[in-house]
Amino acid sequence: MIHRNTLRGLLLGAAMLTPASARAAGETIGFSQIGSESGWRAAETTVTRQSATERGYDLKFADAQQKQENQIRALRSFIAQGVDAILVAPVVATGWDEVLKEARDAEIPVVLLDRTVDAPDDLYLTAVTSDTVHEGVVAGDWLKEAVGDRACNIVELQGTTGSSPAIARKKGFEQSIASAPNLKITRSQTGDFTRAQGKVVMESFLKSEGGANICALYAHNDDMAVGAIQAIKEAGLKPGSDILVVSIDAVPDIHLAIAQGEANATVELTPDMAGPAFDALEAFWKDGTLPPKWIQTESRLYTSADDNQAVYEEKKGLGY
Amino acid sequence: MIKATLRRIAPQLAILALALALNFIVFPDFFSIRMQNGRLYGNLVDVLNRGAPTALLAIGMTLVIATRGIDLSVGAVMAIAGAVAALAVTSGHHWTAALGAGLLAGAVCGLWNGFLVAVLGIQPIVATLVLMVAGRGVAQLLTEGAILTFNDPGLSGLGSGAILALPTPVWIWVGVALAAGLLVRRTALGMLIEAVGVNERSARLAGVDSRALLIAVYLVAGLCAALAGVIVAGDIKGADANNAGLWMELDAILAVVIGGNSLLGGRFSIAASLLGALIIQSVNSAILLSGMPVEFNLVIKALLIIAILVIQSPKVKRAVYLLRASTGQPARETRPPAPRRPAEEGRT
């Protein structure tokens, strides 16, 4: 035991001594992506590739197709190739200890993107994620501001039941509006994060509550909001004015909706998780600076005050 | 003929009435319908409209199951057809051409399934599993993993438009159901399908071209799925390859089962399967209208469906029959010797 710890100390020490100035651009970085299950994920991949190219890295990309064993295999292959760093967006939280130890033994820093793992935090360099509770808070704060003092009945479209973003975004929003007694959630149902379900559930809300009694819609993601906007229009109401629409993610189509006045605000879940990760890696390579264990990305709010048409044009090519 | 059909679908009609009554209990305005923007607007219309994809899938699935088969790929085929149609319309083709392309994609998928089952003799559950898994990948390749949106009023009208005040999807599924019903019942086709389902070998020896028939039913299932996929894409003005039709094959099978059709093949009723689809949609509607916390959704749905299936099970039917007989209630069977009917397989 003592022996192993000593060894670890030596290895870590060595890891911190070796990098330094000798390295120039042209580092090889392995990136194990979960898959392409959503537009956001596709955009994250695109942005990561782009910023790696800009910085002159050689990015080795591995698509795990939603399987942890594929990710572990990819990580082992990156280790065998002796890459300079590994980025991984872990598909599940558990079962990473072994392979992360292998990476540490090979002195390869690992950065977690977008999700974290249940493993001792000395096994990875840092995790770059968004604070999903905070996203809900930002959405709630915007709505409080927009509504002011008038009474407002809110309907909520939740994400997939039991998924961590759904739980956190609900929690954050509720925290935020708890201080405003005039804001009340009257209906809350899951729309499974999809457009189709968002539309179906909104149709039901409009009938059970009566369209005139709904003042705002809070959707846990933009896709559900886009579906709900169609349902609101088909019910003969104006989304964006009759019913305020606030959602999270900031995918291109919601920017288009905001530009057309059919949605009001969205909180960005940035697809640029790799940017902060690369910054942290560069600092680490340069002089061994250890970043904090958690780097929180900005949850930026977009409203009609922004040039949403321009943002749409800019984001449209990212693969959302 | 009509009387026989009515007797066949009586249990499903009763359950549908109960499911609608449940909606009425949780939401008293359930039955109110008004005109809005020149179309009928109300929960009842929603049940018919939102039930369209399941109903369309159930038509094809009923025929496949009647041949003792199963088609697990319909959900993935929906995603493919939606993606193909969206791709066609965004690359500048007319929406009718896009619809045709979507249907063609469904037909190809159906023929592939039929080929695996009828020509290569692979078990249907395995043969269609191939496309269930691979098909969604194909759809994702077509849309490059993103939601492929379009603004063509013709194509989106298939999913969210209205004709004569009724939503277009309702016309589509009712039309397809009538066509399929007439085709199998006004010709010998239905009987031949049943013959293949009961015993393929004897059917073949009796001169039925079972191979062609099997390929045909999978082709119909593929076409129905493609139509459902185009409707779903039109509804949200976009092809969502990741989610379109996800797990819909299970709802379709459930609709067929609630319709009292045996998974072992043989006698079938498309009307009963369609009622099954409407029952499922009514249950979904009741859950949405009830305003219960979302964590209860699946539990409530499961409980209701278990109840429906238990009521329909042969053992319970027999028990009810015996109970009636012993209490001397004049059941429908007043004819002298108590018939042995319920003792034979529930559904004859």
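This is a short talk about where two protein chains meet and the empty spaces enclosed in their structure.

Okay, hi everyone. Before anything else, keep in mind that this is a predicted model.

Let's start with the place where the chains touch. On chain A, 30 residues are in contact with 28 residues of chain B. Together the two chains bury about 2500 Å², and 51% of that is on carbon and sulfur atoms. If you look for who does the most on the chain A side, go to Gln189(A), Arg195(A) and Lys207(A): they supply 25% of the area chain A buries against chain B, more than any other three residues.

Now, what holds charges together across this boundary? Between chain A and chain B there are 3 salt bridges. One to click on joins the side chains of Lys207(A) and Asp46(B), at 2.6 Å from N to O. There are also 8 residue pairs in polar contact across the interface, both partners at pLDDT 80 or more.

Which elements of chain A give two or more residues to the side touching chain B? Those are β7 (183-190), α7 and α8. The largest share comes from α7(A), with 10 residues. By type, that side of chain A splits into 6 nonpolar, 14 polar and 10 charged residues.

Right, on to the holes. Rolling a probe the size of a water molecule over the atoms shows where empty space is left. How many cavities of 30 Å³ or more turn up here? The count is 2.

The largest cavity has a volume of about 200 Å³. Its lining has 20 residues, and the ones nearest its centre are Glu203(A), Glu234(A), Arg39(B), Tyr41(B) and Asp46(B). So yes, Asp46(B) is back, the salt-bridge partner of Lys207(A). Both chains line this cavity: α7 (195-210) and α8 (222-234) of chain A, plus β2 (39-42), α2 (43-50) and α7 (153-160) of chain B, each supply at least two residues. The lining is made up of 7 nonpolar, 5 polar and 8 charged residues.

The second largest cavity has a volume of about 40 Å³. Its lining residues include Met78(B), Gly82(B), Val232(B) and Asp240(B). Here α4 (74-90), α11 (210-236) and β6 (238-240) of chain B each give two or more residues, with α4(B) providing the largest share, 4 residues. This lining divides into 8 nonpolar, 3 polar and 1 charged.

That's my tour, thanks for listening!

Notes:
Residues are numbered from 1 along each chain as its sequence is written. Chains are lettered from A and ligands numbered from 1 in the order in which they are written. This is a predicted model: local features need pLDDT of at least 70, side-chain atom pairs count only at pLDDT 80 or more; totals for chains, interfaces and linings use all residues. Side-chain values use heavy atoms; hydrogens and water are left out. On a 1 Å grid over the protein atoms alone, a cavity is a set of points where a 1.4 Å probe fits but cannot get out, and a pocket is an open set with protein on both sides within 12 Å along at least five of seven lines; lining residues have an atom within 4 Å of a point. Grid points are joined across faces, edges and corners, and a volume is the space filled by probe spheres set on the points. Ala, Val, Leu, Ile, Met, Phe, Trp, Tyr, Cys and Pro count as nonpolar, Asp, Glu, Lys and Arg as charged, and the others, Gly among them, as polar. Contact means heavy atoms within 4.5 Å. Buried area is the accessible area (1.4 Å probe) that two parts lose on being put together, summed over both. A salt bridge is a side-chain nitrogen of Lys or Arg within 4 Å of a carboxyl oxygen of Asp or Glu. A polar contact is a pair of N or O atoms within 3.5 Å; within protein, one must be able to donate a hydrogen and the other to accept it, and residues adjacent in sequence count only if both atoms are side-chain atoms.
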